[in-house]
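Dear colleague,

Please find below the sequence and the structure that I promised to pass on. My notes on what was found follow underneath, and I would be glad if you read them with the structure open beside you.

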Amino acid sequence: MMKKLFYLGITLLVLFELANVFFIMPMPGSQRMTSIDLAYTLYSWRWLFRAVFALMILAGAASAWRVSWRRRFAVPALLVVAALVLYATNFVMAADHMFLAPKSVVMVPADRNKVDTARLVVGIEIDGEARAFPVQFIVSYCTVCRTGRVFSPVVDGHSESFRLVGMDHFNAMFEDQSTHSWWRQANGEAIAGPSKGKVLAEVPSRQVTLAEWLREHPKSLIMQPDQGLAKNYSKDFDFETGRSRKPLTGTDTASWHAKSWVVGITVNGQSKAYDWNRLRREGAVNDVLGGKPIVVALAPDRVSFCAFVRPSPMTRFVVRGDSLVAGRVAYAFSGQGPTGVLQPVSASQEFWHSWKTFQPATTSY
């Protein structure tokens, strides 16, 4: 009986460690399951489960060893296997070990910048100060969803710290340091733990090339690569340009497929996805969403995009050169015009599967 405890403890420990990884990492079938509550329970009580299984192993080890000499070698062999599984699931396959966050954030002005200006960045401007964060370097950009988001880290009046803990429905999940709740990258919502239901305040941002961002914000600071992680950064532009065909992060060049690009916009509670291929063909799309007339436009570099509220439903924009033009009035892609600035609309480029998963009531243009 005691001998069976050893083998059962080893088996349950290995299965438990694999389950901890399976539910929150992109394993076959795992990301299409509604299993976040189970995953969080297993993770939260992981040390209790491990202690129970370890006691079972210890209690039965002596009996398992007292067998014929030919079979007793199974004991150390199984212990080695269990140790390897523990190491692989908690270190090699752990999200924050696979996708490394910068240990230092160095921001420099354009005249000291070393980042290729053709790189995509997530740009933000707050109180007249602009910052550009290359998607090549940051983990708040989910490459599996192609979502760039910026959130205020303030929760209940306190500045919080976050780490990458895994993935749910192919979207990055972060764990806060204080309550160990899990937060979704796509919309800033806490989906498990004591903070469940709370939502981080989103900071308006744009996804553009660094060249376009500096053209609009010449005094912007630019995040530089963490030299300690230099070997981990991608050297090519395949992800940014859509040439990648990798299973998780690659692009489908057709429209409205799971890995097709869309620009997603939500106005007054109504969401809509705009096909990237159509946007490339037309340059600017004039539409009405949530009762507001809007325009979605592609910059001359054919990579950067923007969205604004149109001055009136009758105003229709087209792209001419490096300007958004309505009749005889021309606006820069920053929204700056001769008599004022267009009101920006938060817009994100995403894979179609991501946008429709987290905006289930979305329509498509």
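I begin with the cysteines, and with Cys145, which is buried, its relative accessible area being 0%. Please keep in mind throughout that this is a predicted model, and that what follows describes that model.

How many disulfides does the structure hold? The count is 0, and the pair Cys142 and Cys145 shows how that comes about in one place. Cys142 takes part in no disulfide, and the nearest cysteine sulfur to its own, that of Cys145, lies 4.1 Å away. Seen from the other side, the closest cysteine sulfur to that of Cys145 belongs to Cys142, and the 4.1 Å between them is too far for a bond, because a disulfide is counted when the two sulfur atoms are within 2.5 Å. Cys142 also counts as buried, at 4% relative accessibility.

Next come the helices towards the start of the chain. Helix H1 (2–22) has 21 residues and reaches 30 Å from its first C-alpha to its last, which is close to the 30 Å expected at 1.5 Å a residue. Its buried residues include Phe6, Ile10, Leu13, Val14 and Phe16, and among them are also Glu17 and Asn20. What covers the buried residues of H1 includes H2, H3 and H5.

Helix H3 takes up residues 46–65, and its 20 residues should span 28 Å at 1.5 Å a residue, which agrees with the 28 Å that separates its end C-alpha atoms. There is nevertheless a kink of about 30° in H3, and this kink is centred on Ala59. The residues of H3 that are buried are Arg50, Phe53, Met56, Ile57, Gly60, Ser63 and Ala64, and they pack against helix H1 and against helix H5, the latter being residues 74–92.

The strands around E9 are worth following residue by residue. Strand E9 (residues 171–176) is mostly covered, with 6 of its 6 residues buried. Strand E8 (residues 162–168) runs antiparallel to E9 and is joined to it by 6 bridges, one of which can be located through Phe162, whose bridge partner in E9 is Asp176. The hairpin of E8 and E9 has 2 residues between the strands, and in this hairpin His169 takes a positive phi near 50°. E9 is also joined to strand E10 (residues 182–184), again in an antiparallel arrangement, through 3 bridges, and here Phe174 has Trp183 as its bridge partner in E10. Between E9 and E10 the hairpin has 5 residues, and His180 takes a positive phi near 60° in it.

Finally, the charged side chains: the structure holds 15 salt bridges, and I describe some of them here.

In one of them, the side chains of Lys196 and Asp37 meet at 3.6 Å, N to O. What does this pair tie together? Lys196 lies in the loop between strand E11 (190–192) and strand E12 (206–209), whereas Asp37 lies in helix H2 (residues 36–44), so the salt bridge ties together parts that are 159 residues apart in sequence. Lys196 is exposed, with a relative accessible area of 52%, while Asp37 is partly exposed, with a relative accessible area of 46%.

Arg149 and Glu350 form another salt bridge, at 2.4 Å from N to O. Since Arg149 lies in the loop between strand E5 (147–148) and strand E6 (154–155), and Glu350 in strand E22 (residues 347–351), this pair ties together parts that are 201 residues apart in sequence. Are these two residues buried or exposed? Both Arg149 and Glu350 are buried.

Glu216 forms a salt bridge with Arg206, with 2.5 Å between the closest N and O atoms. Glu216 lies in helix H7 (residues 210–216) and Arg206 in strand E12, so the parts tied together by this pair are 10 residues apart in sequence. Glu216 counts as buried at 16% relative accessibility, and Arg206 is buried as well, with a relative accessible area of 18%. Elsewhere, Asp96, Arg163 and Glu175 are joined into one network by salt bridges that share partners.

With best regards

Methods:
Residues are numbered from 1 along each chain as its sequence is written. This is a predicted model: local features need pLDDT of at least 70, side-chain atom pairs count only at pLDDT 80 or more; totals for chains, interfaces and linings use all residues. Side-chain values use heavy atoms; hydrogens and water are left out. Helices (H or I, at least four residues) and strands (E, at least two) are DSSP runs, numbered from the N terminus. The expected span of a helix is 1.5 Å times one less than its number of residues. The bend at a residue is the angle between axes fitted to the seven residues ending there and the seven starting there. Buried means under 20% relative accessible area, exposed over 50%, partly exposed in between (1.4 Å probe, protein chains only). Contact means heavy atoms within 4.5 Å. A salt bridge is a side-chain nitrogen of Lys or Arg within 4 Å of a carboxyl oxygen of Asp or Glu. Two strands pair if DSSP finds at least two bridges between them.
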